Amino acid sequence: MLELSFYQVKNSREPMTTVSADLTFDQDFYDRAKELVYEVKSAHVEGQVFYDEPFVTGNFQVETELSVPSSRSLHPVDLKQKFSFVENYSDHEPTQEEKELGLLIIPLTDDKIDIQRAVEDNILLNIPTTVLTEEEKDEGIYPEGKDWEVVSEQSFASRKKDQVNPAFAQLQGLLDKLNAEDPDNQDQKNK
């Protein structure tokens, strides 16, 4: 676990504490991420942590290589991530004024700033909603089964455009029948 002490950072003579670590992930992370991540192949965090009254602020940059499920087929897809995030840690429950600052403020229940957990949470938050294998991207492959299939929005719109509304089809049939039975309508059409 990668942790820092809130009070050590707050009382440090150094203006900044530097963080640089390769992370490993335990079963707890995989249990939380079971439908989002198959494997974390590598993860590295760099960052600076400093006291900015009344908070300890952490500014982190993360690089990861993951194996995640395709959003279409659930087949494994390699995904590289590179992102940054900032968190503010407080030794007290944030006041209303502090909440109104619009900052992410994390109240600590003890002296420990859990950077590992922060990185894990942000890895999960940064996984895109659409992740596709190369074949799914290049060939437009969609899953299908017995009596069902997934189609692209373009294909759906094209099918919808060509589809006749059943209510209008019945109406057209009724009009055709009425026209066929009414000789006055036939005379008007011929004129």
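Okay, let's start in the sheet: strands β3 and β4 pair up antiparallel, with 13 bridges between them. Before I go on, a quick reminder that what you're looking at is a predicted model.

So, β3 and β4 make a hairpin, and two residues sit between the strands. One of those bridges to look at is the one that pairs Ala43 with Thr64 over in β4. Keep Thr64 in mind, we'll get back to that residue.

Now zoom in on the loop between β3, which is residues 39-52, and β4, because that's where you find Pro54. What is the peptide bond from Glu53 to Pro54, cis or trans? It's cis, and omega is near 10°. For context, most peptide bonds are trans.

Let's walk outwards from there. On one side, β3 also pairs with β2, residues 17-22; those two run antiparallel and share six bridges. If you want a spot to click on, Thr17 is opposite Val49 of β3.

On the other side, β4 covers residues 55-69 and β5 covers residues 76-90, and they're antiparallel too, joined by 14 bridges. Val68 is a handy marker here, as its bridge partner in β5 is Val77. These two strands form a hairpin as well, with six residues between them.

That turn has a bit of a curiosity. Which residue there has a positive phi of about 70°? It's Leu74, in the loop between β4 and β5, and Leu74 isn't a glycine. Most residues other than glycine have a negative phi. Leu74 also counts as exposed, because its relative accessibility is 56% and the cut-off for exposed is over 50%.

Then β5 goes on to pair with β6, residues 105-107, but this time the strands run parallel, with three bridges. Ser90 stands opposite Pro107 of β6 there.

Right, back to Thr64, which sits in strand β4. Is Thr64 buried or exposed? Its relative accessibility is 3%, so it counts as buried. Leaving out anything up to four places away in sequence, Thr64 touches Ser42, Ala43, Leu79, Lys80, Gln81 and Ile123. Ala43 we've already met as its bridge partner, and Ile123 takes us to a helix.

That helix is α4, residues 115-125. How many of its 11 residues are buried? Eight are, so α4 is largely enclosed by the rest of the structure. The buried ones are Ile115, Gln116, Ala118, Val119, Glu120, Asn122, Ile123 and Leu124. As a general point, an α-helix has 3.6 residues a turn, so residues three or four places apart point the same way.

Have a look at Glu120 in that helix. It's buried, because its relative accessibility is 3%. Again skipping residues up to four places away in sequence, Glu120 touches Phe25, Phe29 and Arg32. And at the start of α4, Asp114 has a side-chain oxygen that comes within 3.3 Å of the backbone nitrogen of Gln116.

Just before that, in the loop between β6 and β7, there's Asp110. Asp110 counts as partly exposed, because its relative accessibility is 47%. A polar atom of the Asp110 side chain lies 3.0 Å from the backbone nitrogen of Lys112. Here's one I like: Asp110 and Phe6 are 104 residues apart along the chain, and their C-alpha atoms are separated by 8.6 Å.

Next up, the largest pocket. It holds about 200 Å³ of space. Elements giving two or more residues to its lining are β5, β6, β7 and α4. Which element gives the largest share? That's α4, with four residues. In total, 14 residues line the pocket, and those nearest its centre are Tyr89, Ile106, Leu108, Asp114 and Arg117.

Let me finish by zooming out to the whole chain. There are eight helices and nine strands. Out of 191 residues, 30% count as buried. The accessible surface is about 13,400 Å², and 49% of that belongs to carbon and sulfur atoms. And if you take the contacts with a separation of 6 or more, 60% are between residues 24 or more positions apart.

That's my tour. Thanks, everyone!

Technical notes: Residues numbered from 1 in each chain as written. Predicted model: local features only at pLDDT ≥ 70, side-chain atom pairs only at ≥ 80, totals over all residues. Heavy atoms only, no water. Buried < 20%, exposed > 50% of the residue type's maximum accessible area, 1.4 Å probe, protein only. Polar contact = N/O pair within 3.5 Å; in protein donor to acceptor, adjacent residues only side chain to side chain. Pairing = 2+ DSSP bridges. Contact = heavy atoms within 4.5 Å. Areas by Shrake-Rupley, 256 points an atom, 1.4 Å probe, with all protein chains shown as cover. 1 Å grid on protein atoms, 1.4 Å probe; cavity = no way out; pocket = protein on both sides within 12 Å on 5 of 7 lines; lining within 4 Å. Points joined across faces, edges and corners; volume = space filled by probe spheres on them.
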